Amino acid sequence: LKANEEDDKKDDDKDGVADVDQMDSRTLLSRKIHLFMVTVNPERLMQAIGGIGQACAAAVAVVKVEFARTVALAVSIADNIKKPAALIITPILARVLPVEYHKWINPTITTTCRLVAMSVAWYIQRVLSTVHSAMLGGLIAGRALLRMLNERKIVTIDLEVSFIDEALGWLITAAGIYFQFSNGMRLPFPLNLILLPLSIIDYILEWVVTWQ
């Protein structure tokens, strides 16, 4: 980064304008590639790439074990819909596509079935996770709120005996579930834009975990 900043400030022709601001895109790209090649330590780069690869492999392994049932469901759905989908879609694509493209019909159907199966399986998992996390979070929040009110002497409730904390927790749970489902279990604006890179990584991870 430091080398790149220094390169951006260079004015070899002494005309008062940085050299990079006077280059076309192709020349600038060639200059930056050259800068990368001469400034980066190849051994450290390979170590960094290897570390990222190991971290990704570990993450995939953990998620695959954690969501083994979801993966099994996705595979089962894909296997069961592939044959009827092929029977219906293959003749249609065979008529529409040129003969030289027919080799892509089977891979296209397979990939489409996998996408559909993955979407259905992970949607079911999201529903289960939504309900489960809302239940746990609601009860924790309800008890924490009553404990705080007790400490401030606003109310006097014995949490070991009273069911008020459970009732409050279930109200929070219901509100949380309603909020999630009303948003289609998607992030509301502007969080959906702020966390878009993480959403993309999440989708890629779902695909890798399911089909690799």
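Aspartate 13 sits in the loop between helix H1 (2–9) and helix H2 (25–39). The model that places it there is predicted. Across the protein chain, pLDDT averages 83, and 99% of the residues score at least 70. This briefing starts with that loop, then takes up confidence, the core, the pockets and a further loop.

**Loop between H1 and H2**

- Aspartate 13 has a relative accessible area of 44%, so this residue counts as partly exposed.
- Beyond residues up to four places away in sequence, aspartate 13 touches Asp19 and Gln22.
- Methionine 23 belongs to the loop between H1 and H2.
- With a relative accessible area of 24%, methionine 23 is partly exposed. The cut-off for buried is under 20%, so methionine 23 falls outside that class.
- Methionine 23 is in contact with Leu28 and Arg31, leaving aside neighbours within four places in sequence.
- Methionine 23 and glutamate 43 are 20 residues apart along the chain. Their C-alpha atoms are separated by 31 Å.

**Confidence**

- In the protein chain, confidence is lowest in H3, at a mean of 75.
- Confidence is highest in H4, where the mean is 89.
- Where pLDDT is low, predicted coordinates should not be read in detail.

**Nonpolar core**

- The largest nonpolar core holds 12 residues. They are Val60, Val63, Val71, Ala74, Ile77, Ala78, Ala117, Met118, Ala121, Trp122, Val209 and Trp211.
- Four elements give two or more residues to this core: helix H3 (42–66), helix H4 (68–96), helix H5 (105–151) and helix H8 (196–211).
- Isoleucine 77 is one of the core residues. Leaving aside neighbours within four places in sequence, isoleucine 77 is in contact with Ala117, Val120 and Ala121.
- Of those contacts, Ala117 and Ala121 are also listed in the core.

**Largest pocket**

- The largest pocket contains about 540 Å³ of space.
- H5, helix H6 (164–182) and H8 each give two or more residues to the lining of the largest pocket.
- The lining of the largest pocket has 17 residues. Those nearest the centre are Arg126, Met185, Arg186, Leu187 and Ser199.
- H8 gives the most to this lining, with 6 residues.
- By class, the lining of the largest pocket has 9 nonpolar, 4 polar and 4 charged residues.

**Second largest pocket**

- The second largest pocket holds about 340 Å³ of space.
- This pocket is lined by 16 residues. Phe67, Gln125, Arg126, Ser129 and Asp202 are the closest to its centre.
- Arg126 is thus named among the central lining residues of both the largest pocket and the second largest pocket.
- H5, H6 and H8 each supply at least two residues of the lining of the second largest pocket.
- H5 gives the most here, with 7 residues.
- The lining of the second largest pocket has 7 nonpolar, 6 polar and 3 charged residues.

**Glutamine 125**

- Glutamine 125 is part of helix H5.
- Relative accessibility is 18% for glutamine 125, and the cut-off for buried is under 20%, so this residue counts as buried.
- Glutamine 125 is in contact with Phe67 and Thr70, leaving aside neighbours within four places in sequence.
- Both Phe67 and Gln125 are among the residues closest to the centre of the second largest pocket.

**Loop between H5 and H6**

- Lysine 153 is found in the loop between H5 and H6.
- Phi of lysine 153 is near 65°. That is a positive value in a residue other than glycine.
- Relative accessibility is 71% for lysine 153, and the cut-off for exposed is over 50%, so lysine 153 counts as exposed.

Notes. Residues are numbered from 1 along each chain as its sequence is written. This is a predicted model: local features need pLDDT of at least 70, side-chain atom pairs count only at pLDDT 80 or more; totals for chains, interfaces and linings use all residues. Side-chain values use heavy atoms; hydrogens and water are left out. A nonpolar core is a set of buried Ala, Val, Leu, Ile, Met, Phe, Trp, Tyr and Cys residues joined through side-chain atoms within 4.5 Å. Buried means under 20% relative accessible area, exposed over 50%, partly exposed in between (1.4 Å probe, protein chains only). Contact means heavy atoms within 4.5 Å. pLDDT is the predictor's confidence in each residue, from 0 to 100. On a 1 Å grid over the protein atoms alone, a cavity is a set of points where a 1.4 Å probe fits but cannot get out, and a pocket is an open set with protein on both sides within 12 Å along at least five of seven lines; lining residues have an atom within 4 Å of a point. Grid points are joined across faces, edges and corners, and a volume is the space filled by probe spheres set on the points. Ala, Val, Leu, Ile, Met, Phe, Trp, Tyr, Cys and Pro count as nonpolar, Asp, Glu, Lys and Arg as charged, and the others, Gly among them, as polar.
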